[in-house]
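Visitor: I should like a close look at a single part of this model, together with its surroundings. Please give a connected account that I can follow along the chain.

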Amino acid sequence: MPLPIRPEDFSSVIPTLAKAGFAGVNVTIPHKEAAFAICARIDDFARRAGAVNTLIFTPRGIEGLNTDGYGFVANLRAHGVNPAAGPVLVLGAGGAARGIGAALQDEGAQITITNRTPERAVALAAALPPAKVLPWESRDAALGDYALLVNTTSLGMVHEPPLPMSLSRAAPGLTVADIIFAPLETQLLADARLQGLQAVGGLGMLLHQAVPGFEAWFGIRPVVDDELYRIVVA
Ligand SMILES: NC(=O)c1ccc[n+]([C@@H]2O[C@H](COP(=O)([O-])OP(=O)(O)OC[C@H]3O[C@@H](n4cnc5c(N)ncnc54)[C@H](OP(=O)(O)O)[C@@H]3O)[C@@H](O)[C@H]2O)c1
């Protein structure tokens, strides 16, 4: 059930949902930081990301999780990609990059962050030591040094410009992951496939990030399989 809520109403509306019988909610842009602030308890990923995407209403108050990173890594693994196969270049330093960067580090990956606004890349790297920072202008030229490229910017999404990124310097084993799920096939993924590189889309992350919340709300751990993909895409 989609519930569009104005930012100024978020902290008053959410507790009423608990009273109305909801088991919990997923939270997306622009509410993830506000969700963090109203939780009585949060998990370690949410603490490190400074953002919450899953709320669980319990008799002891609201619990908050950040499952973006879990969903991203689970989706990589479902595609046979080892997140720690080599250095990772993360494009973007917003809310999604925070959760994904932390999860990749937990898997043992070395991450480098590049972002249009350099201050945000520096701040995120400082929050996730020993992450490195690369100037945004150097992303094409440096690509050959990485085993995994992750687009966490909103570029490439419907109604947004495409991501300006050349893959011509990619190493042959590069995996390109895009967390955008609308459209299912972004220009970045199409470019990667054209070049014979493995490409991983964002819909799988969306489905996998929902698993821990669904299990907490309903007591059933759903399986992300081809049938679920078909139902969601239809
Ligand atoms: N697949 C999934 O399950 C999933 C989960 C979460 C998010 N997402 C998607 O991921 C995207 C990012 O989400 P978010 O929460 O991280 O958003 P966010 O916090 O608003 O961050 C947006 C990022 O995109 C960059 N950006 C925006 N416009 C740009 C431009 N014209 N040129 C260069 N960089 C630009 C921003 O750079 P600056 O810092 O320079 O502004 C920032 O790094 C959204 O499209 C969202 O739908 C997907």
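Guide: What follows is an account of one helix, α8, and of the elements around it. The model is a predicted one. Helix α8 comprises residues 203–218 and lies across the strands β1, β3 and β4. Its direction makes an angle of about 5 degrees with that of β3.

The sheet beneath this helix should be described next. It is an open sheet of four strands, arranged in the order β1-β3-β4-β2, with mixed pairing. Its edges are formed by β1 (24–26) and β2 (41–42), each of which pairs on one side only. A further helix, α1 (residues 10–19), also packs on this sheet, where it touches β1, β3 (54–58) and β4. The direction of α1 is at about 50 degrees to that of β3. At the β2 side, two bridges connect β2 with β4 (residues 61–65), and these two strands run parallel. Within that pairing, Arg-41 has Glu-63 of β4 as its bridge partner.

Helix α8 also has a helical neighbour. In general, a pair of packed helices is described by the angle between the axes and the distance separating them. For α8 and α9 (residues 226–233), the angle is about 110 degrees and the axes are 11 Å apart. The two helices are therefore roughly perpendicular to each other. On the α8 side the contact is made by Leu-203, Gly-204 and Leu-207, and on the α9 side by Leu-228, Tyr-229, Val-232 and Val-233. Of the residues in this contact, six are nonpolar, one is polar and none is charged.

One residue of α8 merits separate attention, namely His-208. Its relative accessibility is 11%, so His-208 counts as buried, the cut-off being under 20%. Leaving aside residues up to four places away in sequence, His-208 touches Tyr-70, Gly-71, Ala-74, Asn-75, Ala-78 and Val-224.

The account now turns to strand β10 (residues 198–200) and its partners. Three bridges join β10 to β9, and the two strands run parallel. In this pairing Thr-175 stands opposite Gln-198 of β10. Together with helix α7 (residues 187–194), β9 and β10 make a right-handed β-α-β unit. Strand β9 also pairs with β8 (residues 148–151), through four bridges and in parallel. There, Asn-151 has Asp-178 of β9 as its bridge partner.

Side chains in a regular strand alternate between the two faces of the sheet. In β9 (residues 175–178), both faces are covered. Thr-175 and Ala-177 are buried on one side, and Val-176 and Asp-178 are buried on the other.

Some backbone details of the loops complete the picture. Most peptide bonds are trans, and most residues other than glycine have a negative phi. In the loop between β9 and α7 lies Pro-183, and the peptide bond leading to Pro-183 from Ala-182 is cis, with omega near 10 degrees. Another cis peptide bond joins Pro-129 and Pro-130, with omega of about 5 degrees. Pro-130 is located in the loop between α6 (118–127) and β7 (132–133). His-159, in the loop between β8 and β9, has a positive phi near 70 degrees. With a relative accessible area of 84%, His-159 is exposed, whereas His-208 in α8 is buried.

Methods: Residues numbered from 1 in each chain as written. Predicted model: local features only at pLDDT ≥ 70, side-chain atom pairs only at ≥ 80, totals over all residues. Heavy atoms only, no water. Pairing = 2+ DSSP bridges. Contact = heavy atoms within 4.5 Å. Axes fitted to C-alpha atoms, helices over the stretch in contact; angles between N-to-C directions. Buried < 20%, exposed > 50% of the residue type's maximum accessible area, 1.4 Å probe, protein only. Right-handed = clockwise from strand over helix to strand, strands pointing away. Parallel < 35°, antiparallel > 145°, perpendicular 65-115°, else oblique. Nonpolar A, V, L, I, M, F, W, Y, C, P; charged D, E, K, R; others polar.
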